[in-house]
Amino acid sequence: MRNAPVRYIVLHYSATYADQDLGVADIRKMHLARGFRDVGYHYVIKRDGTVEKGRPDSVTGAHVASHNTGTIGICCIGGLERATGPNVGVDNRTDAQKAATIRLVRDLLARHPGAQVVGHRDLGPTQCPGFDVRSWWASVDPGSASTVTTPEIPPTIRRGSSGQHVANAQHRLLARGYAIASDGLFGPQTEAAVRQFQRANGLVADGIIGPRSWAVLLD
Ligand SMILES: [Zn+2]
């Protein structure tokens, strides 16, 4: 799919340990195993600062739920420490990775003026990339203070809910081919459609639209 004008340059980590010297070929393998057509990122930066090309910038990435269109994804290898284990994301980029990231981001900003530099966690529920990218980038490039507003995930809705968020969800379900009324009332028919939608998308089919279902529904 052709990538839209770039609004966000999104930094990630690979959620691998600092002593694992991985590169784009390894990440591509991991992503193909997850059913992606190619590595989800546009760039991968190795521990030694080598920048490797992932998918072409002109092709939409697969790196942020709901925000793949109009974004460029950069993944710095690392983000985990043996001492803290797999559930604690940290900023353990090497100096070489930081320098390479700065060069790459500046180059991308020159080609995509107006794009915002953000972290994956600014766009969705994740720790990735383990640090506050906007304040880091503001310290690197004081002139470019980012004014991005974090997109809001709508509130959780379930059977009995009503109002604009229900209508929005129904509208999205209709657009995906589920035959329901768009009346703003979360009844049994909507609930059944939500379960179907969840099953079709590998989500827990509980009939409740929480952050994960919203993320897929709004994508
Ligand atoms: Zn990420």
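This is a short tour of a predicted model, going from its zinc ion to its cysteines, its salt bridges and one arginine.

**Stop 1: the zinc ion**

Start by selecting the zinc ion and showing the side chains around it. Which residues coordinate the zinc ion? You should find His 12 and His 120, each through ND1, and Cys 128 through SG, at 2.0 to 2.3 Å. Along the sequence, these donor residues follow the spacing H-x107-H-x7-C. Now color by secondary structure and look at the two histidines: His 12 belongs to strand S1 (residues 8–13), while His 120 is in the loop between strand S7 (116–119) and helix H3 (133–140). The two are 108 residues apart, so this pair links distant parts of the chain.

Switch on a surface next. Are these donors buried or exposed? His 12 is buried, at a relative accessible area of 3%. His 120 is buried as well, at 17%, and Cys 128 is buried at 5%.

**Stop 2: the cysteines**

Select Cys 76 and look for a partner. How many disulfides does the model have? The count is zero. For Cys 76, the nearest cysteine sulfur is that of Cys 75, 7.0 Å away; a disulfide would need the two sulfur atoms within 2.5 Å, so Cys 76 is in no disulfide. Cys 76 is buried, with a relative accessible area of 7%.

**Stop 3: salt bridges around helix H2**

The model holds 10 salt bridges, and a few of them are good to visit. Select Arg 111 and Asp 57, whose side chains meet in a salt bridge at 3.4 Å, N to O. Arg 111 is in helix H2 (residues 95–111) and Asp 57 is in the loop between strand S4 (51–53) and strand S5 (71–76), so their pairing ties together parts that lie 54 residues apart in sequence. The two ends differ in accessibility: Arg 111 is partly exposed at 44%, whereas Asp 57 is buried at 14%.

Keep Arg 111 selected and add Asp 107. This is another salt bridge, with the closest N and O atoms 2.8 Å apart. Both residues lie in helix H2, four residues apart, or about one turn of the helix. Asp 107 is partly exposed, at 37% relative accessibility. Add Lys 53 to the selection to see the wider arrangement: Lys 53, Asp 57, Asp 107 and Arg 111 are linked in a network of salt bridges.

Then move along helix H2 to Arg 106. Its side chain meets that of Asp 141 in a salt bridge of 2.9 Å, N to O. Asp 141 sits in the loop between H3 and helix H4 (164–175), and the pair links parts of the chain 35 residues apart. Arg 106 is partly exposed, with a relative accessible area of 40%.

**Stop 4: Arg 47**

Finish with Arg 47, in the loop between strand S3 (43–45) and S4. Which side chain of opposite charge is nearest to Arg 47? That is Glu 81, 5.7 Å away, and Arg 47 is buried yet has no salt bridge. The cut-off for a salt bridge is 4 Å, so Glu 81 is too far away to count.

Show Gln 97 as well: a polar contact of 3.3 Å joins its side chain to that of Arg 47. Leaving aside residues up to four places away in sequence, Arg 47 touches several others, including Ala 18, Gln 20, Asp 21, Ile 77 and Asn 92.

Key:
Residues numbered from 1 in each chain as written. Predicted model: local features only at pLDDT ≥ 70, side-chain atom pairs only at ≥ 80, totals over all residues. Heavy atoms only, no water. Buried < 20%, exposed > 50% of the residue type's maximum accessible area, 1.4 Å probe, protein only. Donors = N, O, S within 2.8 Å, 3.2 Å for Na, K, Ca; no water. Lys, Arg positive; Asp, Glu negative; His and termini not counted. Polar contact = N/O pair within 3.5 Å; in protein donor to acceptor, adjacent residues only side chain to side chain. Contact = heavy atoms within 4.5 Å.
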